[in-house]
Amino acid sequence: MTAAQRHRVTVIPGDGVGPEVTRSAVRVIEAAGVAVDWEEAEAGAEVFRRGDSSGVPSETRDSIERTRVVLKGPLETPIGFGEKSANVTLRKLFETYANVRPARELPGVPTRYAGEGVDMVIVRENVEDLYAGIEHMQTPDVGQCLKIISRKGSEKVIRYAFELARREGRTKVTCATKANIMKLTEGLFKRVFEEMAPEYPEIEPEHLIIDNVAHQFAKAPAQFDIVVTTNLNGDIISDLASGLVGGLGFAASGNYGAEVAIFEAVHGSAPKYAGRDVINPTALILSAVMMLRHLGEHAAADTVENAVFVTLESGAAVTQDLARQTGGDIEHAASTTGYTDAVIANLGRRPANPPRGRGHVRPAQSPTPRPAWSYAADAYGRISRRLVGVDVMIESDLSVAVLAADLEAAAGPALRLETVTSRGTKIWPGEVVGDSVRWYTGRFVAPDGGAEPSEGEILALLGRIGARHRWTQVERLQAFDGQDGFTKAAGE
Ligand code: NAD
């Protein structure tokens, strides 16, 4: 069990129950004989309160750059300090693009699905999507959040999922999207999945709409193997998956990038339990198991994982959350420390009934960029582009008919007004008038067969509109290789 190598790991105790669960995981790793030089670093609430609006001080960033491996407790974003979550900042700073969350039936943790063999891994894209956090108030009461999905970002995480499946001998990868509604963002993710799947002929590719995935999780979760999905979808369904196998007290995760990996429990800082020595540390201990596999400490990882299984199976140390689920004795439930002592005492034992399935979440090899068109600089030059027109978003109290007449007057020969829409629905020309939120989009397009509008013509149009209205945003309407790079409005 003695490791040949010493490892350096940045440990961030974090907020709320964070210090208790990280202490527990560190104790277990050390008791398993893994030699780690811990660099303790700060992030989260206290850092925000000191006036660092990122929540992640530069010493912490430096430590992570040195060690490239992080074990972290949950971080809180105190209300009124900073705008961004320090968790999201850490994931983005170190481009940990794959958030891997296993959900496996555990011995001694009864659930509705016990015995069905739930053993899945959710691979969630971790940097893009609505989590890019690009939000703008368009008017005093209309907010907008940009959903950014890139081909490169999608390729990286989807390749990660297929490589993970290949490495672990898993047989199916399900891609979960809302491509039926968001064709250019979620649809891009789905297309990349379909393009990449033939490179992995031994793995069954499947695409399901995310709402159906939620439905299937509740009905028959054992059918899933690996699920790869975009950021917000993944956030929600991975919490759902934790609920299937015992709850947040048991849900582990790893955030993997090309350089850095960050291991953390799925749960947050659970402030009401902070400092009470009652929280279940299993989630962070199992995240530490993922970390040990990342460090190549496979034997120690198996030892710790087995000790957790033995502890749960024996029922000798049951934390409050589990006692609550099983109708057990909450008064006499095991403390965080007591449970950790029990896991340490069980190091070296094997469970009588290990969970079914693989559950061995080893890191996939860092995906090597392949010569896909998204990466080859000269490929971009081969794509034909055409500027078709512009969408201009406008705040207005006018009636639709008056606004449209005004915008028609502002349009010139190079750009005619095609439609006026409200929140994606066409309201002019035509009869449909939905409930106004005082925010409209005028779509201006070059006349059929006409030349592309010039920059000067677009600016002149904006100038004419701006002289009479408050415009809030402009979007270029482009076609790539003859395909529209924009959607039509409902009702068009
Ligand atoms: P939470 O996960 O902290 O707690 C919700 C509830 O889940 C708790 O009240 C408790 O009943 C249960 N729970 C969570 N972890 C448990 C454990 N280990 N053992 C037993 N029961 C457990 O979620 P929240 O209350 O919504 O968030 C609190 C704070 O944590 C917020 O500031 C939030 O932003 C932050 N947060 C951080 C992370 C992270 O660091 N990765 C993740 C989620 C939330």
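**View 1. Ile-344 sits in helix H12, residues 336-345.** Helices here are DSSP runs of H or I with at least four residues, strands are runs of E with at least two, and both are numbered from the N terminus. What you're looking at is a predicted model, so local features need pLDDT of at least 70 and side-chain atom pairs count only at pLDDT 80 or more, while totals for chains, interfaces and linings use all residues. Residue numbers run from 1 along each chain as its sequence is written, and side-chain values use heavy atoms, with hydrogens and water left out. Ile-344 has a relative accessible area of 22%, so it counts as partly exposed; buried means under 20%, exposed means over 50%, and partly exposed is what lies in between (1.4 Å probe, protein chains only). Setting aside residues up to four places away in sequence, Ile-344 touches Arg-27, Val-28 and Ala-31, where a contact is heavy atoms within 4.5 Å. Thr-311 is 33 residues from Ile-344 along the chain, and the two C-alpha atoms are 9.3 Å apart.

**View 2. Two domains split the chain: domain 1 (3-345) and domain 2 (385-484).** Where the two meet, domain 1 puts in 6 residues and domain 2 puts in 7. The bounds come from an automatic or database domain assignment. Measure of spacing: the C-alpha centres of domain 1 and domain 2 are 44 Å apart.

**View 3. The largest pocket comes in at about 2100 Å³.** Of its 50 lining residues, Leu-184, Thr-185, Gly-485, Phe-486 and Thr-487 are the closest to its centre. The search runs on a 1 Å grid over the protein atoms alone: a pocket is an open set of points with protein on both sides within 12 Å along at least five of seven lines, a cavity is a set where a 1.4 Å probe fits but cannot get out, and lining residues have an atom within 4 Å of a point. Grid points are joined across faces, edges and corners, and the volume is the space filled by probe spheres set on them. Both domain 1 and domain 2 give at least three residues each to the pocket lining. Elements that supply at least two residues each include helix H5 (151-168), helix H6 (186-196), strand S13 (385-395) and strand S14 (416-422). Strand S17 (470-480) is another of them, and S17 gives the largest share, 6 residues. Sorted by class, the lining has 19 nonpolar, 16 polar and 15 charged residues. Nonpolar covers Ala, Val, Leu, Ile, Met, Phe, Trp, Tyr, Cys and Pro; charged covers Asp, Glu, Lys and Arg; the others, Gly among them, are polar.

**View 4. The largest cavity has a volume of about 240 Å³.** In total, 4 cavities of 30 Å³ or more turn up. This one has 21 lining residues, with Pro-102, Arg-104, Ala-252, Leu-286 and Glu-305 nearest its centre. Strand S4 (98-104), strand S5 (119-125), helix H9 (282-294) and helix H10 (298-314) each bring at least two residues to the wall. H9 has the largest share, 4 residues. The class tally is 14 nonpolar, 2 polar and 5 charged.

**View 5. Ser-54 is in the loop between helix H2 (45-49) and helix H3 (58-67).** With 16% relative accessibility, Ser-54 is buried. Its side chain makes a polar contact with the side chain of Arg-61 at 2.9 Å. The cut-off for a polar contact is a pair of N or O atoms within 3.5 Å; within protein, one must be able to donate a hydrogen and the other to accept it, and residues adjacent in sequence count only if both atoms are side-chain atoms. A polar atom of the Ser-54 side chain also lies 3.1 Å from the backbone nitrogen of Val-56. Leaving out neighbours within four places in sequence, the contacts of Ser-54 are Phe-48, Arg-61, Ala-86 and Thr-89.

**View 6. Trp-428 and Pro-429 are joined by a cis peptide bond, with omega at about -5°.** Pro-429 belongs to the loop between strand S15 (425-428) and S16.

**View 7. Ala-270 isn't a glycine, yet its phi is positive, near 35°.** Look for Ala-270 in the loop between strand S12 (261-265) and H9. Its relative accessible area of 26% makes Ala-270 partly exposed.

**View 8. Arg-423, also no glycine, has a positive phi of about 45°.** This residue is in the loop between S14 and S15. At 54% relative accessibility, Arg-423 is exposed.
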